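Got your viewer open? Load the model below, switch to cartoon view and keep the selection box handy.

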Amino acid sequence: MVFKKTRGRMLAACAALCVLPIQKALAQDEVGIPRGSDAPAVEIDDLDGGTVNLADFIGARPVLLEFWATWCEQCEALAPRIDRAVEAYGDQVAFFAVAVGVGQSKRAVRRHVERHSPAYSFLFDSNGAAVRAYQAPTTAYVVIVDAAGKVAYTGVGGNQDIEAALETTVGGDPTRR
């Protein structure tokens, strides 16, 4: 009995030691596509059966991509921050939610959009091309690409300061214009 308790504590400690570096990396935004790299131009399905080529946006103005899912609690927590960013920077930045094709259908994403009427475009990464190209480690992963087409910001989780990241990328506080 003592062996089982000790073994359980040791396994819990090992698991914690394995998770801490991952959590630290996520907190420090050291995941996904490297900052400063060229943003990949990927074609992604829209919700109406067409495709959107990110090359049409990258390099023309800043672009924000959120890798998203209907089942993602962190995405739900991040939604008000994205909404505020769209309100502040919507005329200067192209905003896209990239719905990952894992555990959800295009139909489920369409229903979500119909219910919530977001002020930005939702795309469906049915074959995972965008996930691979942007090295998305998880959902609630945000990539901001600057106007020159370089990755300027990456972050993970529901408490990212999207407006501050955009302020740095776009330059200046939009409320002061």
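**Starting at the cysteines**

Select C72 to begin: its relative accessible area is 7%, so it counts as buried under the 20% cut-off. Keep in mind that what you are looking at is a predicted model. Now add C75, which is buried too, with a relative accessible area of 2%. How many disulfides does the structure hold? Zero.

**Along α2**

C75 belongs to the buried set of α2, so stay with this helix and select L78, I82, A85, V86 and Y89 as well; they are buried along with C75. What covers the buried residues of α2? Show β3, β4, β6 and α5, which are among the elements that do.

Next, put a distance between the end C-alpha atoms of α2: they are 24 Å apart. That agrees with expectation, because 17 residues at 1.5 Å a residue should span 24 Å. Then zoom in on A79, where α2 has a kink of about 35°. The proline P80 comes shortly after that kink.

**Into the loop**

Leave α2 (73–89) and head for β4 (94–100); the loop between them holds V93. Is V93 buried or exposed? Its relative accessibility is 2%, so V93 counts as buried. Show its contacts, leaving aside neighbours within four places in sequence: you should find R61, P62, V63, L64, L166 and V170. Pick L166 from that list and draw a C-alpha to C-alpha distance to V93. The two residues are 73 apart in sequence, yet 8.6 Å apart in space.

**Across the sheet**

Time to colour the strands. The open sheet has seven of them, in the order β2-β1-β5-β4-β3-β6-β7, with mixed pairing. At the edges sit β2 (51–53) and β7 (151–156), each pairing on one side only. Ignoring direction, neighbouring strands are turned by 30° against each other on average.

Zoom in on β3 (residues 63–68) and β4: these strands run parallel and are joined by six bridges. Select L64 and you'll see F95 of β4 standing opposite.

**Two helices on the sheet**

Bring up α3 (residues 106–116), which packs on the sheet and touches β1 (43–46), β3, β4 and β5 (121–125). The direction of α3 makes about 170° with that of β5.

Last stop: α5 (residues 162–171). This helix lies across β3, β4, β6 (141–145) and β7, and its angle to β6 is about 20°. Turn back to α2 from here, and you'll recall that α5 is among the elements covering its buried residues.

How values were computed:
Residues numbered from 1 in each chain as written. Predicted model: local features only at pLDDT ≥ 70, side-chain atom pairs only at ≥ 80, totals over all residues. Heavy atoms only, no water. Helix = DSSP H or I, 4+ residues; strand = E, 2+ residues; numbered from the N terminus. Buried < 20%, exposed > 50% of the residue type's maximum accessible area, 1.4 Å probe, protein only. Contact = heavy atoms within 4.5 Å. Pairing = 2+ DSSP bridges. Axes fitted to C-alpha atoms, helices over the stretch in contact; angles between N-to-C directions. Disulfide = S-S within 2.5 Å. Expected span 1.5 Å × (residues − 1). Bend = angle between axes of the 7 residues up to and from the residue.
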